[in-house]
Amino acid sequence: MAKMKTLEDLFLDTLKDIYYAERKILKALPKMKRAATNEKLVAAFEKHHGETEEQIERLQKVFEILGKPARGKTCDAIEGILSEAEDIMDEFKGSPALDAGLISAAQAVEHYEITRYGTLHRWAKELGMDEAAKLLDETLQQEWKTDADLTKLADKTVNDAAKSPTDA
């Protein structure tokens, strides 16, 4: 008879999902940074690249806590979100709306990460994994801040710049 799956199994499965996603995001950020034209957006992508490296290290620590190898599981959601980011970079290249599109793509990534880390944090607490919960919450707080910073950047400059055509 097959073993009944538990919350711990679901936790590990979701951990593999976000580990895969973070590694894909790490590869996508330099391309998004190169595509960006707003200096503050370039800096935001650069900052998030460093944070993503830290987040991957935290995930590896959570795997260690579980006594499991740090392995990803293909995440179709992040594949789709990053594919949409690629489309924006291709379709809006040279357009005043490019940076606004990049922010929207980056926020789609952030929102996915927020849902995953929020869920993993809650489950870690439920399962009595206090150290893992602390690591996951640290990343969750970073993701919330990044999302808020992107919103501020969009509201202060990028969205207004996207409204009018550039002189070419």
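Here are three short exercises on this predicted model, each with a worked solution.

**Exercise 1. Work out the fold content of the protein chain and the pattern it follows along the sequence.**

Solution. Start by counting elements: the protein chain has five helices and zero strands. Next, read from one end of the sequence to the other, and you get α-α-α-α-α. Then check how contacts are spread: taking those between residues at least 6 apart in sequence, 81% link residues at least 24 apart.

**Exercise 2. Describe the dimensions, burial and exposed surface of the protein chain.**

Solution. Begin with the box: along the principal axes, the C-alpha atoms take up roughly 65 × 30 × 20 Å. Now turn to burial, where 42% of the 168 residues count as buried. Finish with the outside: about 9600 Å² is exposed, and 52% of that comes from carbon and sulfur atoms.

**Exercise 3. Place Glu 91 in the structure, decide whether it is buried or exposed, and find which charged patch it belongs to.**

Solution. First, locate the residue: Glu 91 sits in helix H3, which covers residues 76-91. Second, look at its relative accessible area, which is 60%. Exposed means over 50%, so Glu 91 counts as exposed. Third, look for its partners: Glu 91 gathers with Glu 84, Asp 87 and Asp 90 in a surface patch of negative charge. Last, zoom out to the charges of the whole protein chain: there are 25 positive and 33 negative ones, and their mean positions lie 3 Å apart.

Terms used
Residues are numbered from 1 along each chain as its sequence is written. This is a predicted model: local features need pLDDT of at least 70, side-chain atom pairs count only at pLDDT 80 or more; totals for chains, interfaces and linings use all residues. Side-chain values use heavy atoms; hydrogens and water are left out. Patches are made of residues with over 30% relative accessible area and no salt bridge: like charges are joined within 9 Å, nonpolar side chains (Val, Leu, Ile, Met, Phe, Trp, Tyr) within 5 Å. Accessible areas come from the Shrake-Rupley method with a 1.4 Å probe; for residues, only the protein chains shown count as cover. A salt bridge is a side-chain nitrogen of Lys or Arg within 4 Å of a carboxyl oxygen of Asp or Glu. Lys and Arg count as positive and Asp and Glu as negative; His and the chain ends are not counted. The place of a charge is taken as NZ of Lys, CZ of Arg, CG of Asp or CD of Glu. Helices (H or I, at least four residues) and strands (E, at least two) are DSSP runs, numbered from the N terminus. Buried means under 20% relative accessible area, exposed over 50%, partly exposed in between (1.4 Å probe, protein chains only). Contact means heavy atoms within 4.5 Å.
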